[in-house]
Amino acid sequence: MNEQIQTLYFSGYCYWSMEAVFTHLKGVRETIAGWISQGESADIEAVRIDFSPKEIDATTLIEIHLAMHSSAAKTGIKKRYPTRVFSHKASNTKLLQSLIEDISRNSERKCYCKSERLSTFHPAKSQYQNYYLKGPEKPYCQQYIRPKLEQLNKRWPKLFTAKI
């Protein structure tokens, strides 16, 4: 039996952190760190997520994404790391934006996140893929990624899966 796999792309913070968070979720089949080209503006760090909607749905992925970083902030760094959810299909962007607005409305804080149609995704070089899994002892991993994984495990223990 063929499994139905869906793909979404997320941006909002360093792709190493996003990749590690999504990699540790049940139902996520593959993560690829990379860059999304936005026409004339600078490329933004992003991660591609291939997931099984039977195990984890888009709403949960978006909720986790928004919870793992300061999506409520409107700071200068957001130009480099804008909080976005991307899809290949233009028809999905309205549905995704509706999900984002529902999550934001039910959240304690306002989330500055938009859904957009994906333009171009460029995978990062192989040495940047699975950064946390290759070196969880590295200072960046210990300082920034491990606390996110601990928060993920605490808030979504049924979805968390240890990879090391």
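A residue counts as buried when its relative accessible area is under 20%, and as exposed when that area is over 50%. By this criterion, 49% of the 164 residues of the protein are buried. The model on screen is predicted, and this tour moves through it from the whole chain to single residues.

**The whole chain**

Begin with the complete protein, coloured by secondary structure. Five helices and six strands should appear. Followed along the sequence, they are arranged as β-α-β-β-α-β-α-β-β-α-α. Among contacts between residues at least 6 apart in sequence, 74% join residues at least 24 apart.

**Helix H1**

Select residues 15-23, which form helix H1. How many of the residues of H1 are buried? Nine of its nine residues are, and H1 is accordingly described as mostly covered. The buried residues are Tyr15, Trp16, Ser17, Met18, Glu19, Ala20, Val21, Phe22 and Thr23.

**The crossing of H1 and H5**

Keep H1 selected and add helix H5, residues 139-155. Two packed helices are described by the angle between their axes and the distance between the axes. For H1 and H5, the axes come within 10 Å and cross at roughly 35°. The crossing of these helices is right-handed.

Now display the side chains at the contact. From H1, show Trp16, Ser17, Ala20 and Val21; these meet Tyr140, Tyr144, Ile145, Lys148, Leu149 and Leu152 of H5. By class, the residues of this contact comprise eight nonpolar, one polar and one charged.

**Leu25, just after H1**

Move next to Leu25, in the loop between H1 and strand S2 (28-38). Is Leu25 buried or exposed? Leu25 is buried, because its relative accessible area is 1%, against a cut-off of under 20%. Apart from neighbours within four places in sequence, Leu25 is in contact with Ile56, Leu61, Ile64, Leu152, Leu159 and Thr161. Leu152 is also one of the H5 residues in the contact with H1. To see a pairing across the sequence, select Leu25 and Ala162: these are 137 residues apart in sequence, and their C-alpha atoms are 8.5 Å apart.

**Helix H3**

Select residues 90-105, helix H3. At 1.5 Å a residue, its 16 residues should span 22 Å, and the end C-alpha atoms lie 23 Å apart, which agrees.

Colour the buried residues of H3, namely Thr93, Leu96, Gln97, Leu99, Ile100, Ile103 and Ser104. Turn the view to look down the axis of H3: the buried residues fall within an arc of 160°, so they line one face of the helix. An α-helix has 3.6 residues a turn, so residues three or four places apart point the same way. What do the buried residues of H3 pack against? Their partners are strand S1 (6-11), helix H2 (58-67), strand S4 (84-87) and strand S5 (114-117).

Rotate to the face of H3 turned away from the buried side, where the exposed residues Ser91, Lys94, Leu95 and Arg105 are found. Two of these merit a stop. Ser91 is exposed, with a relative accessible area of 58%; its C-alpha atom is separated by 8.7 Å from that of Arg117, 26 residues apart along the chain. Leu95 counts as exposed because its relative accessibility is 52%, the cut-off being over 50%. The C-alpha atoms of Leu95 and Ser115, 20 residues apart along the chain, are separated by 8.7 Å.

**Two loop residues**

Continue past H3 to Ser107, in the loop between H3 and S5. Ser107 counts as partly exposed, at 31% relative accessibility. Add Glu63 to the selection: Ser107 and Glu63 are 44 residues apart in sequence and 9.5 Å apart in space, C-alpha to C-alpha.

Finish at Asn130, in the loop between strand S6 (120-123) and helix H4 (131-134). Most residues other than glycine have a negative phi. What is the phi of Asn130? Its phi is near 55°, a positive value in a residue other than glycine. Asn130 is partly exposed, with a relative accessibility of 30%.

Key: Residues are numbered from 1 along each chain as its sequence is written. This is a predicted model: local features need pLDDT of at least 70, side-chain atom pairs count only at pLDDT 80 or more; totals for chains, interfaces and linings use all residues. Side-chain values use heavy atoms; hydrogens and water are left out. Helices (H or I, at least four residues) and strands (E, at least two) are DSSP runs, numbered from the N terminus. The expected span of a helix is 1.5 Å times one less than its number of residues. Buried means under 20% relative accessible area, exposed over 50%, partly exposed in between (1.4 Å probe, protein chains only). The arc is that of the directions from the helix axis to the C-beta atoms. Contact means heavy atoms within 4.5 Å. Axes are lines fitted to C-alpha atoms, for helices over the stretch in contact, and angles run from 0 to 180 degrees between N-to-C directions. A crossing is left-handed if the near helix is turned anticlockwise from the far one by less than a right angle, and right-handed if clockwise. Ala, Val, Leu, Ile, Met, Phe, Trp, Tyr, Cys and Pro count as nonpolar, Asp, Glu, Lys and Arg as charged, and the others, Gly among them, as polar.
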